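Here's a quick briefing to read with the model open beside you. Take a look at the whole fold before diving into the details.

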Amino acid sequence: MTDVKPFLLGKMTWQEAKALLKKTDIAIIPVGSTEQHGPALPLDTDAFQAEKFAHAVAEKLWPKVKTIVTPLMPYGVSPHHMPFSGTITLRHETLIDLIVDIGTSLAKHGVKKIVVMNSHGGNTASLSIALRKLHEAGIWCVQVAWWEITADLIKENFNPPYFHADDMETSIAWALGQRVLVDKRVDEPGREPIPGFIRATMFAKPPNFFPAFDMTDFTDSGTIGYSTRADPERGNRVVSAAIERIAAFIEKVASLKLK
Ligand SMILES: [Zn+2]
C-alpha cells in the first residue's frame with residue numbers, strides 16, 4: 001500500500017473527494033512554469049517549487065485544517081525566456097482561462113476559497129485577472145508568492161541581485177530537493193540596459209524603472225545573480241519560514257466567514 005497524502009485531489013477517487021468536500025471548502029492550486037533557469041537548475045524549477053510548497057503547507061495544516069491540493073499546473077507565462085531552449089510558454093489568456101476553468105470546476109464541487117500557490121513572477125499579472133474573474137463569480141481567492149511573504153528574510157540571507165536562478169532561488173530550490181548542477185553554477189549579475197535606471201533585481205534602490213523585457217536584455221547564461229554563493233542551509237531558513245507563514249495565513253482563511 002503506497003503512502004498517499006490525504007489532501008491530493010489527483011489521488012482521490014470521486015467518492016473520497018465528495019466526502020472530503022463535505023468537511024472543507026478550501027483548495028490550493030500550485031502554479032509554476034517550465035522555463036530556463038540558467039546552467040545549474042532544471043527547466044521545471046518553478047513548477048517543482050510550487051508543488052513542494054503546496055504539499056508542505058497542506059501537510060503542516062492537516063488534520064487541523066483540511067485543504068485540498070489540486071494537481072500542479074506545470075506551465076506558466078514565460079515569453080521572456082523563449083530565447084532559451086526547452087522553455088514552454090502559455091499566453092496570458094491561456095493561463096487566465098485555465099485558472100478560471102479550474103476554479104469554476106472546484107466551486108461546482110463545493111470549494112468556496114481558493115489559494116493559488118504561485119512560484120513564477122511572470123504569472124502574477126494573469127493570475128490577478130483570473131482571480132478577479134473568480135471573485136466576480138462569488139469565489140474567495142488569493143494568490144500567494146513565497147518570495148513576497150519572505151521578503152524580509154530574503155534580504156537578510158541572500159546576496160542581491162534577487163531575480164532569477166540567483167543565490168536566493170538556487171538556495172531555495174536546493175533546500176526543497178531540486179536537482180542542482182553544482183559545478184555549473186555561474187555569477188552573472190545582469191546588464192543594466194540603461195545604467196542607473198534599469199536593474200533586474202527585486203527591492204532595487206530607487207530610481208528603478210522596469211520595461212517589458214526579454215531575459216537576453218540582461219543575461220547570456222539565463223542566470224541573473226550569484227548562484228555560486230547558493231547553499232541549501234540558508235535556503236532552508238526561507239523555506240521553513242514560507243511554509244510557516246503561508247500555513248498560518250491559510251488557517252485564518254479557513255475560519256473566515258463568507259457573506
Ligand atoms: Zn524560478
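Let's start with the inside and the outside: 44% of the 259 residues of this protein count as buried. Keep in mind that you're looking at a predicted model. From there, we'll go through the overall build and then stop at a few spots in the backbone.

**Overall build**

- The protein has 8 helices and 6 strands.
- If you walk along the sequence, you meet them in the pattern α-β-α-β-α-β-α-β-α-α-α-β-β-α.
- The radius of gyration is 19 Å, close to the 18 Å that the globule rule gives for 259 residues, so the protein is as compact as a globular protein of that length.
- Picture a box drawn along the principal axes: the C-alpha atoms fill one of roughly 55 × 35 × 35 Å.
- Take the contacts between residues at least 6 apart in sequence: 80% of them join residues at least 24 apart.

**Two cis peptide bonds**

- Some background first: most peptide bonds are trans.
- The bond from Trp 62 to Pro 63 is cis, and its omega is near 0°.
- To find Pro 63, go to the loop between helix 2 (45-61) and strand 2 (68-69).
- Further along the chain, the bond from Pro 206 to Pro 207 is cis as well, with omega near -5°.
- Pro 207 sits in the loop that runs between strand 5 (187-188) and strand 6 (225-226).

**Two residues with positive phi**

- Again, a bit of background: most residues other than glycine have a negative phi.
- Ala 165 isn't a glycine, yet its phi is positive, near 55°.
- You'll find Ala 165 in the loop between helix 6 (151-157) and helix 7 (167-175).
- Phe 203 has a positive phi too, near 60°, and it's another residue other than glycine.
- Phe 203 belongs to the loop between strand 5 and strand 6, and Pro 207 with its cis bond is found in the loop between those strands as well.

**Buried or exposed?**

- Is Ala 165 buried or exposed? Ala 165 has 27 other C-beta atoms within 10 Å, and a residue with 20 or more counts as buried, so Ala 165 is buried.
- What about Phe 203: buried or exposed? Phe 203 has 11 other C-beta atoms within 10 Å, and the cut-off for exposed is 12 or fewer, so Phe 203 is exposed.
- Put side by side, these two positive-phi residues sit in opposite settings: Ala 165 is buried, whereas Phe 203 is exposed.

Methods
Residues numbered from 1 in each chain as written. Predicted model: local features only at pLDDT ≥ 70, side-chain atom pairs only at ≥ 80, totals over all residues. Helix = DSSP H or I, 4+ residues; strand = E, 2+ residues; numbered from the N terminus. Rg over C-alpha atoms; globule rule 2.2 N^0.38 Å. Contact = placed C-beta atoms within 7 Å.
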